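User: Could you walk me through what's inside this protein? I'm new to reading structures, so take it step by step.
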Amino acid sequence: MASESRLYAFSPETKEKLRKFRLGTSRAKDPQAIIYVIDQKNQEIRPEDGEVYTKMEDLADELPDSSPRFILLSYPLTLKSGRLSVPYVLLYWLPENCNPNSRMMYAGAVELMRNTAEVNRVIEVEEEEDIISIESKLQSED
């Protein structure tokens with residue numbers, strides 16, 4: 001655990017953005033997602049472009065075909081019981097044809113990202129369809 005925190009870093013502003021996103025999305029009416037990338041030069045985990053996605057199709061279109069990403073997702077939904085729930089999860093984008101070095105780098109950072117972002121659950125996604133149909137996965141596991 002301690003070793004991964006030395007390998008990867010979050011800038012103070014990224015940590016603040018993570019906190020604001022977590023607190024600000026709990027009352028959102030629409031899904032909210034931000035893509036995070038590991039900067040290979042300095043091993044810093046940061047938002048890829050700062051854009052907040054509210055449509056899963058748009059989010060899926062933005063993801064690269066051959067490199068991993070972390071996606072923070074807050075997704076309001078109504079459970080079968082009728083209760084409103086807003087799961088806050090980390091989607092771990094790991095496309096099948098991703099390069100082994102990137103795969104290892106992201107695998108080594110996933111727990112740090114999970115802990116720093118304060119999410120309860122990590123869901124691995126491999127293809128665009130996994131993202132577009134994420135609601136059914138969130139419904140089934142809550």
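User: Let's start with one residue. Leaving aside its neighbours within four places in sequence, which residues is Ile 38 in contact with?

Analyst: Keep in mind that this is a predicted model. A contact here takes heavy atoms within 4.5 Å. With neighbours within four places in sequence left aside, Ile 38 touches Tyr 8, Gln 43, Glu 44, Ile 45, Phe 70, Met 105, Tyr 106 and Ala 109.

User: Which residues touch the most other members of the largest nonpolar core?

Analyst: In soluble globular proteins, nonpolar side chains tend to be buried together. Here the largest nonpolar core has 24 residues. The ones touching the most other members are Tyr 36, Ile 38, Ile 45, Phe 70, Leu 72 and Met 113.

User: And which element gives the largest share of this core?

Analyst: Several elements chip in: α2, β1, β3, β6 and α4 each supply at least two residues. The largest share is 7 residues, and it comes from α4.

User: Which residues does the second, separate core include?

Analyst: That second core is made of 20 residues. Among its members are Ile 35, Val 89, Trp 93 and Val 125.

User: Now for β1. Which of its residues point one way, and which the other?

Analyst: In a regular strand the side chains alternate between the two faces of the sheet. In β1, 8 of 8 residues are buried. Gln 32, Ile 34, Tyr 36 and Ile 38 point one way, and the other way point Ala 33, Ile 35, Val 37 and Asp 39.

User: Which residue in the turn between β1 and β2 has a positive phi?

Analyst: β1 and β2 pair in the antiparallel sense over 4 bridges, with Tyr 36 opposite Pro 47 in β2. The two strands form a hairpin with 4 residues between them. In that turn, the residue with a positive phi, about 60°, is Gln 43.

User: Which residue in β3 stands opposite Ala 33?

Analyst: β1 and β3 run antiparallel and are joined by 5 bridges. Opposite Ala 33 in β3 stands Leu 73.

User: Last one, on helix α2: within what arc do its buried residues fall?

Analyst: The buried residues of α2 are Thr 14, Leu 18, Phe 21 and Thr 25. Seen down the helix axis, they line one face of α2 because they fall within a limited arc. On the other side, Pro 12, Glu 13, Lys 20 and Gly 24 are exposed. The arc of the buried residues is 70°.

Methods: Residues numbered from 1 in each chain as written. Predicted model: local features only at pLDDT ≥ 70, side-chain atom pairs only at ≥ 80, totals over all residues. Heavy atoms only, no water. Buried < 20%, exposed > 50% of the residue type's maximum accessible area, 1.4 Å probe, protein only. Arc of directions from axis to C-beta. Core = buried A, V, L, I, M, F, W, Y, C linked by side-chain atoms within 4.5 Å. Pairing = 2+ DSSP bridges.
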